[in-house]
Amino acid sequence: MSSRWLALPALLLLALPFITLVGVTPWRDFHLAYGDWGSVGVSLGLSGISIPLIVLLGIPLALWLARTTSPMRHWVEIMVLIPLLTPPLALGILLVSVYGPYGTLGGWLTRIGVSLTNNAGAFVMAQVYGALPYFVMSARSAFAGVPPDVEDAAKILGASSWRILTRLTLPLARQGLATGLAIAWVRVIGEFGIVLVFSYFPQGIPVKLYINLQNDGVDSVYSLLWLLLAVTLPFPLWCLINSRRRP
């Protein structure tokens, strides 16, 4: 039996919800509910802050994990994996316990006039916690695939550490980094569980979808669902396609 026929069941399973979405969408009455455009602005605007933070925080840690021989590496990897494996709702509760107004750190922040509950800062933090571990693990694998002897040769030739990173390591690791960035983007835009507990306001697209579903039923959410897909999918697809192009 040809392998393509063996692959068909999984392909149909994955495609069926999207094929169904085309059929059940009320195209003649396609409209957004009140506040839907605002949720799009929240998700896109605050994700524009979250993604650079994830990259800036994640690349040094991923590079260290890929290059270090320290016995602490395995413990650090575990610390990265724990939030990745923790259910989002549980992680949201943990963030409230730490950063909430009565939390261990949040109480001190409140005393100096800084709040991290139900505001833009809390929303960004929820996105970072939801996506950073995924980016770090993907970036670590990408950096681990860059041969160390190539970097060592560049050092012998007198290249600075910054030049090696920007001209050699990052380009060679671009496919894995693009994969990590694509996953991080999807996690950031689609984060629901952490945001629901830690930063209900401002409302991004996933929380607004939930509210519309609770208030008006499933038929009311298809328009915003299409918009969520339109916002979420192009960037990761672009990342994955461009990462496979030859320099």
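Arg67 and Glu151 pair up in a salt bridge, with their closest N and O atoms 2.8 Å apart. This pair links distant parts of the chain, since Arg67 sits in helix α2 and Glu151 in helix α7 (residues 148-156), 84 residues apart. The two partners don't share the same kind of surroundings: Arg67 is partly exposed, at 27% relative accessibility, while Glu151 counts as buried at 10%. All of this comes from a predicted model.

Stepping back to the whole chain, there are 13 helices and 0 strands. The C-alpha trace spans about 65 × 65 × 30 Å along its principal axes. Of the 247 residues, 37% count as buried. The chain exposes about 14,400 Å², and carbon and sulfur atoms supply 70% of that area. As for contacts between residues at least 6 apart in sequence, 77% join residues at least 24 apart.

Now back to charged pairs. Side chains of opposite charge can pair when their charged atoms come close. The count for this model comes to 4 salt bridges. One of them joins Lys208 and Asp36, with the closest N and O atoms 2.9 Å apart. Lys208 belongs to helix α11 and Asp36 to helix α2, so this pair ties together parts that are 172 residues apart in sequence. Charged or not, Lys208 is buried, with a relative accessible area of 8%, and Asp36 is buried too, at 1%. Another salt bridge brings together the side chains of Arg187 and Glu191, at 3.0 Å from N to O. Here Arg187 is partly exposed, with a relative accessible area of 23%, whereas Glu191 counts as buried at 4%.

Helix α11 deserves a closer look. With 12 residues at 1.5 Å a residue, α11 should span 16 Å, and its end C-alpha atoms are indeed 16 Å apart, which agrees. Its buried residues are Ile205, Pro206, Val207, Lys208, Leu209, Ile211 and Asn212, and they pack against α2 (36-67), α9 (174-190), α10 and α12 (222-232). Asn212 counts as buried because its relative accessibility is 3%, under the 20% cut-off. The side chains of Asn212 and Lys208 are joined by a polar contact of 2.8 Å. An α-helix has 3.6 residues a turn, so residues three or four places apart point the same way. Not counting residues up to four places away in sequence, Asn212 touches Ala33, Asp36, Gly217, Ser220, Val221 and Leu224. Just after α11, Gly217 takes a positive phi of about 90°.

The loop between α10 (193-198) and α11 (205-216) holds Ser199, which is buried at 0% relative accessibility. The side chain of Ser199 reaches the backbone oxygen of Asn119 at 3.3 Å, and a polar atom of that Ser199 side chain lies 3.0 Å from the backbone oxygen of Phe201. Leaving aside neighbours within four places in sequence, Ser199 is in contact with Asn118, Asn119, Ala122, Phe123 and Ile194.

Finally, the surface. Trp64, Met72, Trp75, Ile78, Met79 and Ile82 make a nonpolar patch of about 650 Å². Helix α3 (residues 73-85) gives the most to this patch, with 4 residues. Ile82 lies in α3 and is partly exposed, with a relative accessible area of 44%.

Key
Residues are numbered from 1 along each chain as its sequence is written. This is a predicted model: local features need pLDDT of at least 70, side-chain atom pairs count only at pLDDT 80 or more; totals for chains, interfaces and linings use all residues. Side-chain values use heavy atoms; hydrogens and water are left out. Patches are made of residues with over 30% relative accessible area and no salt bridge: like charges are joined within 9 Å, nonpolar side chains (Val, Leu, Ile, Met, Phe, Trp, Tyr) within 5 Å. Accessible areas come from the Shrake-Rupley method with a 1.4 Å probe; for residues, only the protein chains shown count as cover. Helices (H or I, at least four residues) and strands (E, at least two) are DSSP runs, numbered from the N terminus. Buried means under 20% relative accessible area, exposed over 50%, partly exposed in between (1.4 Å probe, protein chains only). A polar contact is a pair of N or O atoms within 3.5 Å; within protein, one must be able to donate a hydrogen and the other to accept it, and residues adjacent in sequence count only if both atoms are side-chain atoms. Contact means heavy atoms within 4.5 Å. The expected span of a helix is 1.5 Å times one less than its number of residues.
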